[in-house]
Amino acid sequence: MQKSSIRRAAMAMAALSATLVMTACQPGDADTGSDVSSQSPTATASPISSGSTGTSGSTGSTGSSGSTGSTGSTGTSGPAGTAVKTCAAASLKAIAHQAADHPAGTGTGAAIVQFTNTTAKSCVLQGHPTVAGAANGSPELNVPLKVTPTGSASPVKLSPGGQAWLKLTFVQVQGEGDGYCESGSAPVIYPTMVIGLPGAGKHQVALDDGQFAECDGTVTATAVSATRP
């Protein structure tokens, strides 16, 4: 009886030990949970700043400042600043004389008007003139003549002291003395003529050998030229 009790007690102790071992191996304890948590990612995504990259970098500096500023300075101060300007009225000296080649008759027939640049800077003349007879030699009492332009107009650059010319051909006065006009109108005599050029003012000129005599209030005029007519 004693041996049987000892055997039952030993078996009870073995069963208790097995139970304790199984309990210690169950999952879900505190250590296993900590290991899973430490494997989670810790970094977070940052948003892209559209303000600094898109607006300031591309549109702000390049679009406005670069393109517009550069065009303004180059376009305006470059070509415009270096262009030779039209001669001012005060920069020109104008004289006139009868042309050697003129229609037959006793009037003026034709006159050559010469312009001289009296300044130290180059300037440009271009175009056909306006012509008016100055009654009594007074430019404010002028009678505009009808101008028929002939030939093409091109710019003429006058260096300091440079000269340019144009030719006026009138309807010639015929006959002796006061003469007559073939149209039947009366001849008109002007002590001076007022010659205007596009952008270059008006200039009063007198013939170096007589007065201007013409018929019908009309004149044919060449454009100003670098070649003497």
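Begin by selecting C181 and C215, which a disulfide joins with an S to S distance of 2.0 Å. The model on display is a predicted one. With the two side chains shown as sticks, view the link along its S-S bond: the torsion there is -90°, and the link of C181 and C215 is left-handed. Next, colour the surrounding backbone. C181 lies in the loop between β8 (163-171) and β9 (188-190), while C215 belongs to strand β12 (residues 212-222), so the bond ties together parts that are 34 residues apart in sequence. Both ends of this link are covered. C181 has a relative accessible area of 4% and is therefore buried; C215, at 0% relative accessibility, also counts as buried.

**The other disulfide**

How many disulfides does a search of the whole structure find? The search finds two. For the other one, select C87 and C123, whose sulfur atoms are 2.0 Å apart. Its torsion about the S-S bond is about 85°, so this disulfide is right-handed. The pair links distant parts of the chain: C87 is found in the loop between α4 (79-82) and β1 (92-98), and C123 in strand β3 (residues 123-125), 36 residues apart. A surface display gives the setting of each cysteine. C87 counts as buried because its relative accessibility is 0%, and C123 counts as buried because its value is 5%. When bonded cysteines are counted along the chain, the disulfides follow the pattern 1-2, 3-4.

**Strand β2**

Now select residues 110-117, the strand β2, and find T116 within it. Is T116 buried or exposed? T116 has 16% relative accessibility; a residue is buried under 20%, and T116 therefore counts as buried. Show the residues around this threonine. Leaving aside those up to four places away in sequence, T116 touches S91, L92 and K93, as well as G161, G162 and Q163.

Extend the view to the whole strand. Eight of the eight residues of β2 are buried. Colouring alternate residues separates the two faces: A110, I112, Q114 and T116 lie on one side, and A111, V113, F115 and N117 on the other, with both faces covered.

The neighbours of β2 can be displayed next. β1 and β2 run antiparallel and are joined by seven bridges; select A94 to find the residue standing opposite F115 in β2. β2 also pairs with β8, in the antiparallel sense and over seven bridges. In that pairing, A111 stands opposite L168 in β8.

**The largest nonpolar core**

Keep F115 and L168 selected, and add L125, M193, I195 and F212. Of the 28 residues in the largest nonpolar core, these six touch the most other members. Which strands each supply at least two residues of this core? They are β1, β2, β3, β7 (156-158), β8, β10 (192-196) and β12. β8 gives the most, with four residues. As general background, nonpolar side chains in soluble globular proteins tend to be buried together.

**The four-stranded open sheet**

Hide the core side chains and return to a cartoon display. Four strands form an open sheet with antiparallel pairing, in the order β5-β4-β10-β11. β5 and β11 (202-206) are the edge strands, each pairing on one side only. On average, neighbouring strands of this sheet are turned by 30° against each other, direction ignored.

Within the sheet, select strand β4 (residues 130-134) together with β10: the two pair in the antiparallel sense over five bridges. A132 is a convenient residue to label here, with V194 in β10 as its bridge partner.

**Last stop: V143**

Finally, move to the edge strand β5 (residues 142-144) and select V143. Its relative accessibility is 37%, and V143 therefore counts as partly exposed. Which residues does V143 touch, not counting those up to four places away in sequence? They are V131, A132, G133 and Y190. Draw a distance between the C-alpha atoms of V143 and Y190: the separation is 9.5 Å, although the two residues are 47 residues apart along the chain. A132 thus appears in two views, as the bridge partner of V194 and as a contact of V143.

Key: Residues numbered from 1 in each chain as written. Predicted model: local features only at pLDDT ≥ 70, side-chain atom pairs only at ≥ 80, totals over all residues. Heavy atoms only, no water. Buried < 20%, exposed > 50% of the residue type's maximum accessible area, 1.4 Å probe, protein only. Contact = heavy atoms within 4.5 Å. Disulfide = S-S within 2.5 Å. Core = buried A, V, L, I, M, F, W, Y, C linked by side-chain atoms within 4.5 Å. Pairing = 2+ DSSP bridges. Axes fitted to C-alpha atoms, helices over the stretch in contact; angles between N-to-C directions.
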